[in-house]
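Hello,

Here is the structure I promised to pass on to you. Please have a look at it first, and then read my notes underneath.

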There are 2 protein chains.
Amino acid sequence: MKPFVPGKDKEKITPLYIQLYRHIKNEILTGNLAVGEKLPSLRSLSSESGLSITTSTQAYNQLLTEGYILSRPQSGYYVAEIPTSSVIPEESSKGPGPEFRDYTFDSDGYLHDPESFDFQKWKKCSSRVFTEYEDLLLFESDVQGEAALRFEICKYLYSSRGVTASPGQVVIGAGTQQLTSHLARILTLMGIDLICTEDPGYTPIQNIFRDMGFGIAKIPVGERGIMIEKLPVNISTAVYVSPANQFPTGSVMPIGSRYNLLNWAKENGSIILEDDYDSELRYFGKPVPALQGLDENNSTVYLGSFSSTLFPAIKISYMILPPHMAEIFSSIKDDYTQTCSKAEQLTLALFMEDGYYYTNIRKLRSLYSQKLEATVQAFEKYGRDFVEATNTKSGINITLDVRTKKSENLLCQDGKDLGIHIKPTQMKVDKEKRSLSFYFNQIPLDRIDFLIKNLVEMWKK
Amino acid sequence: MKPFVPGKDKEKITPLYIQLYRHIKNEILTGNLAVGEKLPSLRSLSSESGLSITTSTQAYNQLLTEGYILSRPQSGYYVAEIPTSSVIPEESSKGPGPEFRDYTFDSDGYLHDPESFDFQKWKKCSSRVFTEYEDLLLFESDVQGEAALRFEICKYLYSSRGVTASPGQVVIGAGTQQLTSHLARILTLMGIDLICTEDPGYTPIQNIFRDMGFGIAKIPVGERGIMIEKLPVNISTAVYVSPANQFPTGSVMPIGSRYNLLNWAKENGSIILEDDYDSELRYFGKPVPALQGLDENNSTVYLGSFSSTLFPAIKISYMILPPHMAEIFSSIKDDYTQTCSKAEQLTLALFMEDGYYYTNIRKLRSLYSQKLEATVQAFEKYGRDFVEATNTKSGINITLDVRTKKSENLLCQDGKDLGIHIKPTQMKVDKEKRSLSFYFNQIPLDRIDFLIKNLVEMWKK
């Protein structure tokens, strides 16, 4: 293999790992690296080329993903067999400038599993929008979201989560951040300025409310979810809960507590913000019905999103407001614009109407439950007495307690070097342990065992 | 407890364990099983009901998860305590509810011209995204916007508007509102808290800055654009201008004034916010090059959008920051998420790369210049001595001075009744006149004459 020389790319447009990836790919395609030939180890490649191990790892991961090389456990990386027809002609004499392709070679450095979404079905619905519904694209989207999508969301949530609502109560937005700021404005107009949150809990939402001037009261979480007896009484507040799958503990709020929480809201004129994230991704038993459907007092706001059940690049979230809050939203909605793509909203409405969404959820449940099992087994096999997996029943991640003095950030960086998404949970465990969220959903099933083996080895160093 | 009888569910849609779970839940909720009462053991339940132990276990687990029953080690299962109000009503027999179609029959009440965009070309690019670039949809969009689109925007603006920038300076957002709030944050970090605006001018932008705590100084507009001699000196401010097509006067800033404005910015450490809206839609002569391209001092922020040149439902806007402001944005961008659809950004990048965007602009220029001419002629024909049209050289609207005592709102409502978009300009003309923006772009060419004839009749009543 010829030595790698980084390009004189003054504007640093092309990341180094892509330059390295292209160099090796070229060496393979031109035959300078033969099929079966062993590639330099990450360490020696890095020392020779002067690049960081991370950069080399990213380049190798890209080559692995595209199938140019293979990884053999405890041995190293080898050139894979590639049909000869794939030998690409010499690159045409490019001008000095960058090209379109240079900019589509984006990656966030993590693994992604193409098995997790059927883009062909989506494409079919998208095409229908531009043929059958193109007239609708000649004017702007409704600030509240497309009526057709709001209707499909109501239908779906009624049958899958027991949520009862009419399309007029649904507000669609491009992500949680946008909807939370609408919500903050509505709560302010209702005279509410204190948000109770789960501790430990999902911090981004807390931060949005804090930045918008709300007081935050952290309420501890027990096995039965948030401790209702510690919620403020005699004042009107809002409590943010995730009863179906508490983050990061995974606790599920039992039916008795649900009614107690609803009673608390009723008695104090308070509002429950029910974040039902990942609730469709339960792998054992039937999903627990939503609080919203049990609420007879119109005190629950239901929050959901499509990012985990469609594909990560889609940013469509929604909330279901009780009728009196929907009225407040109507009175202020002209102050906002809908930033969610109208074409994408209509595509999703057709995708749901045609039943593809339901089919996809079923497929994901089966695929992710296998990934979850493989993940838990691999940590048992390679990390016994070192890593303990908890919160292993649903969703797209599990919680790990790692017995180490390494910092959370270093542990996450080790994951990133392998292309695995890991985040600190911010949960306080004892001093000898670190608490992490491990995302298994985007790791291809057949690589879970191998990658976790490597991860545990890196962690133990 | 009543004995369990599996349903005559021929299609076997509902799994047996869920049927059993529902049966027991119902027995609890209706009081047939009392709080604290012991449930049959798994073994006896199975032998009584004829179901497998696995099925019974699954049903009990679901009831446990939802909190309807409790498990006492070495004793068995017991009915948990649940507030009595939780008795769920019989499932309603759903009537003939609304259908998907009922919700896609949306309209905003205005006319729309399908001639103004070729959705088939767009569909082609959109399909390519889901076939060739689907991998990119497996992770979230860059907060700054997709690199491929930022690159295409630079290429396009260089050739069409003389704007010089690298993709790292471009920030993409879902509409002006979002970008303006990024901009406000950047300016605040630079110590700028006063925005100078054109008077008369485009008010929504002013309002966003005002709502975010900026002071607003209104600077009069003359024939040569904003009056530079009236801008504040010796303090660092920002001025929001539209030199290519001032709203609503239509004045174009001549080259001499452009250099004067750039000098003012340089001397006072101030920033020019150049809104180049509709600049591509000029029908006479060559478009005036952008201020940004003349600026050698990095003091210009360039603002643009695709809503007028693609289709109204697309919400993709962009701004081009000078390098030092792009650095500030980089340091804060993790506080935001990209709300613009990633698939739509990639579609647009392909649409531009393939040259369709340029073709569409040419087509629009020809179509809209005909509409503009027809509009001006119709007002001359039917509204002489009553309506005067000004600002009739570019864009998607003209300015009308109507000699009437009817209020602006009534005049606009008359337009809406005919499906025509008309807005007050907020410009002060003499008491006997009303100043309106008349949008001709979405009226089909062959209906312009007829509709304006009717409109003038309604206005004269």
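Below is what turned up, going from the interface to the aromatic rings, two lysines and the backbone.

Please keep in mind throughout that this is a predicted model.

**The interface**

Let me start with how the two chains meet. On one side 68 residues of chain A are involved, and they are in contact with 70 residues of chain B. Interface size is often expressed as the accessible area that is lost when the parts come together. Here the area buried between chain A and chain B comes to about 6200 Å², and carbon and sulfur atoms give 64% of that. Three residues stand out on the chain A side: Phe100(A), Leu138(A) and Lys286(A) supply 13% of the area that chain A buries against chain B, more than any other three residues.

As for polar links, there are two salt bridges between chain A and chain B. In a salt bridge, the side chain of Glu140(A) meets that of Lys315(B), at 3.3 Å from N to O. There are also 15 residue pairs in polar contact across the interface of chain A and chain B, with both residues at pLDDT 80 or more.

Which elements of chain A give two or more residues to the side that touches chain B? They are helix 4 (100-104), helix 5 (119-132), helix 6 (147-161), helix 9 (255-268) and helix 12 (342-353). Helix 5 of chain A provides the largest share of that side, with eight residues.

**Aromatic rings**

Over all chains, the search finds 37 aromatic pairs. One of them is formed by Trp122(B) and Phe311(B), which meet edge-to-face with 5.4 Å between centres and 85 degrees between the planes. This pair links distant parts of the chain: Trp122(B) belongs to helix 5 (residues 119-132) of chain B, while Phe311(B) is in the loop between strand 9 (300-305) and strand 10 (317-320) of chain B, 189 residues apart. Both Trp122(B) and Phe311(B) are buried.

Phe379(B) and Phe438(B) make another edge-to-face pair, 5.1 Å centre to centre and with 85 degrees between the planes. Phe379(B) lies in helix 13 (residues 356-383) of chain B and Phe438(B) in strand 14 (residues 433-439) of chain B, so the pair ties together parts that are 59 residues apart in sequence. Phe379(B) is buried, at a relative accessible area of 2%, and Phe438(B) is buried too, at 0%.

You may also like the cluster that ring pairs build from Phe117(A), Phe119(A), Trp122(A), Phe311(A), Phe351(A), Tyr356(A) and Phe130(B). Two rings in chain A have a charge over them. Arg72(A) lies over the face of Tyr78(A), 4.2 Å from the ring centre, and the charged end of Lys342(A) sits over the ring of Phe139(A), 3.8 Å from its centre.

**Two buried lysines**

Lys286(A), which we met at the interface, is in the loop between strand 8 (271-275) and helix 10 (291-294) of chain A. Its relative accessible area is 18%, so Lys286(A) counts as buried, the cut-off being under 20%. Across in chain B, Lys286(A) touches Tyr17(B), Ile18(B), Tyr21(B), Arg22(B), Gln62(B) and Glu66(B).

Lys371(A) sits in helix 13 (residues 356-383) of chain A and is buried, with a relative accessible area of 0%. Among the residues that Lys371(A) touches are Asp113(A), Phe440(A), Asn441(A), Gln442(A) and Ile448(A).

**Backbone**

Most peptide bonds are trans, and most residues other than glycine have a negative phi. These are the exceptions I would point you to.

- Phe247(A) and Pro248(A) are joined by a cis peptide bond with omega about 0 degrees; Pro248(A) is in the loop between strand 7 (238-241) and helix 9 of chain A.
- The bond from Asp199(B) to Pro200(B) is also cis, with omega near 0 degrees, and Pro200(B) lies in the loop between strand 4 (194-199) and helix 8 (203-211) of chain B.
- Asp385(A) has a positive phi of about 70 degrees; it is in the loop between helix 13 and strand 11 (387-390) of chain A and is exposed, at 69% relative accessibility.
- Asn298(B) has a positive phi near 55 degrees; it is in the loop between helix 10 (291-294) and strand 9 of chain B and is partly exposed, at 40%.

Best wishes

How values were computed. Residues are numbered from 1 along each chain as its sequence is written. Chains are lettered from A and ligands numbered from 1 in the order in which they are written. Side-chain values use heavy atoms; hydrogens and water are left out. Rings of Phe, Tyr and Trp (its six-membered ring) pair if their centres lie within 6.5 Å; planes under 30 degrees apart count as stacked, over 60 as edge-to-face and the rest as tilted. Helices (H or I, at least four residues) and strands (E, at least two) are DSSP runs, numbered from the N terminus. Buried means under 20% relative accessible area, exposed over 50%, partly exposed in between (1.4 Å probe, protein chains only). A charge sits over a ring if NZ of Lys or CZ of Arg is within 6 Å of the ring centre and within 35 degrees of the ring normal. Contact means heavy atoms within 4.5 Å. Buried area is the accessible area (1.4 Å probe) that two parts lose on being put together, summed over both. A salt bridge is a side-chain nitrogen of Lys or Arg within 4 Å of a carboxyl oxygen of Asp or Glu. A polar contact is a pair of N or O atoms within 3.5 Å; within protein, one must be able to donate a hydrogen and the other to accept it, and residues adjacent in sequence count only if both atoms are side-chain atoms. Lists of a residue's contacts leave out its neighbours within four places in sequence.
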